[in-house]
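Visitor: Please take a close look at a single part of this structure, the place where the chains meet. I would like one connected account of it.

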Amino acid sequence: MKERPPENFPGEKILPEDTLRLLAQVDPPVGLAERIEARLASTEVADTKHVKRNPWLFSFVVAHPRMIAASLTICSLVGGGAGFYHFHKSATLPPPVRMSPGSMGAAGAIRVAPAGVLPPADAPVRTVPKNFHGRAVVQAGAKPRPKGVGVPNTPPKAEKVDTPQQ
Amino acid sequence: MGTSSAQISRVQPSSWMGSTFIPDTETQTGNSAEAITALVEQYSTTLYRVAYSVTRNIAEAEDAVQEAFLRVLRHRNELGEIRDHRVWLIRIVWNIVLDRKRRAKTRPETEDIDECARLLVSSSISADQYAIAAQQHANILRQIDRLPEKERRVLLLAAFEELSTAQIAEVLKTTESAVRARLFRARRQLQATMEKEWRRV
């Protein structure tokens with residue numbers, strides 16, 4: 001880049017290094033340092049306001065109570081909201097069931113013999129044994145059933161009573 | 001251009017470093033206030049030039065310099081540990097402008113280049129010469145913008161006479177050999193493109 005452009009190029013050429021050199025020597029705007037210091041001052045004052053010590057609280061930093069108050073407020077808001085939206089009555093649970101061995105579950109199962117079924121005390125006593133061969137059994141001393149069509153027994157007719165004519 | 005503690009302490013603090021500091025750290029803060037004021041007085045121009053070489057916008061460059069000093073203010077307690085304040089400050093402002101440029105990629109830079117090119121031309125020449133020179137500067141700036149990013153950064157920083165290769169390497173967090181190699185490639189590539197441009201014209 002130190003070589004000048006060839007002579008056959010018309011006009012005066014500006015070399016890249018000239019541009020770079022001029023770029024590195026640009027004059028800053030007037031009052032740059034003052035503006036920087038002013039901005040630093042404003043930032044510094046803002047910072048010191050936040051961490052200024054309070055003599056009444058034994059040099060307890062003022063920023064801390066604010067932070068604590070803010071966090072408490074946020075916590076109460078969040079907790080209150082959560083309580084409001086997630087409220088439900090807690091159900092009372094029944095007392096726990098104590099399972100006797102063998103009643104439920106396979107782990108505690110034991111063999112229990114079935115109890116015999118007894119008839120009720122006022123049940124009629126069967127005198128004739130039950131036929132187990134499929135045929136009817138005529139009891140001794142039983143009358144034969146009448147043959148033919150059965151006629152229902154009619155009640156005796158009442159006597160005709162004359163009623164006076166009017 | 002180096003800064004010693006004696007130089008810093010000679011500069012009187014401005015009025016903004018008043019009595020608003022916490023008593024137990026008053027001495028320390030007062031010293032850092034003086035140091036920051038000295039840094040502003042001494043390096044604001046250099047930082048502005050570094051920022052302007054990247055942004056090519058007066059307002060943005062000034063804002064970047066202010067932001068850099070605000071960062072210094074936040075880390076004022078570490079000022080004593082800094083070996084070279086100039087390189088440290090240049091690195092801060094360099095990172096700020098690169099970060100801002102990365103965020104504002106969509107903003108058109110054509111107007112900034114033309115404005116910057118006009119700023120580079122001396123006003124003592126005739127209007128015709130002024131226009132031609134401004135156009136040539138603008139062309140060169142556009143060619144610089146077309147360079148790869150790493151080469152372009154080294155080229156811009158190398159234009160500052162007060163920055164050595166080692167200091168450029170410190171600002172860019174790389175090695176001196178890498179800086180030399182990038183600078184060589186950037187100059188060669190820029191020369192080639194400019195020769196093409198001259199032939200075309």
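Guide: What follows describes the contact between the two chains, then one helix beside it, then some salt bridges. The model is predicted.

The contact draws on 46 residues from chain B and 33 residues from chain A. The size of an interface is often given as the accessible area lost when the parts come together. Here chain B and chain A bury about 3,900 Å² between them, and 70% of that area lies on carbon and sulfur atoms.

Polar and charged links also cross the interface. Six residue pairs are in polar contact across it, and three salt bridges are found there. In one salt bridge, the side chain of D27(A) meets that of R49(B), with N and O 3.9 Å apart.

On the side of chain B that touches chain A, the elements giving two or more residues are helix 2 (26-55), helix 3 (58-74), helix 5 (110-120), helix 6 (127-145), helix 7 (149-158) and helix 9 (176-200) of chain B. Helix 2 of chain B supplies the largest share, 10 residues. By type, this side of chain B divides into 26 nonpolar, 10 polar and 10 charged residues.

Helix 9 of chain B has 25 residues and reaches 36 Å from its first C-alpha to its last, close to the 36 Å expected at 1.5 Å a residue. Buried residues in helix 9 of chain B include A178(B), L183(B), L190(B), M194(B) and W198(B), and also the charged residues R182(B) and E197(B). The cover over the buried residues of this helix includes helix 1 (16-23) of chain A, along with helix 6, helix 7 and helix 8 (165-172) of chain B.

Salt bridges can be followed beyond the interface as well. Over all chains, the whole structure holds 16 of them. One joins D18(A) to R21(A), with the closest N and O atoms 3.6 Å apart. An α-helix has 3.6 residues a turn, so residues three or four places apart point the same way. D18(A) and R21(A) are three residues apart in helix 1 of chain A, and therefore about one helical turn separates them. R21(A) is partly exposed, at 35% relative accessible area.

The side chains of R118(B) and E115(B) form a salt bridge at 3.2 Å, N to O. Both residues lie in helix 5 of chain B, three residues apart, about one turn of the helix. Salt bridges that share partners also join R39(A), D63(B) and R100(B) into one network.

Another salt bridge links E67(B) and R74(B), at 4.0 Å from N to O. E67(B) counts as buried, at 15% relative accessibility, whereas R74(B) counts as exposed, at 56%.

Definitions and conventions
Residues numbered from 1 in each chain as written. Chains lettered and ligands numbered in written order. Predicted model: local features only at pLDDT ≥ 70, side-chain atom pairs only at ≥ 80, totals over all residues. Heavy atoms only, no water. Contact = heavy atoms within 4.5 Å. Buried area = accessible area lost by both parts, 1.4 Å probe. Polar contact = N/O pair within 3.5 Å; in protein donor to acceptor, adjacent residues only side chain to side chain. Helix = DSSP H or I, 4+ residues; strand = E, 2+ residues; numbered from the N terminus. Expected span 1.5 Å × (residues − 1). Buried < 20%, exposed > 50% of the residue type's maximum accessible area, 1.4 Å probe, protein only.
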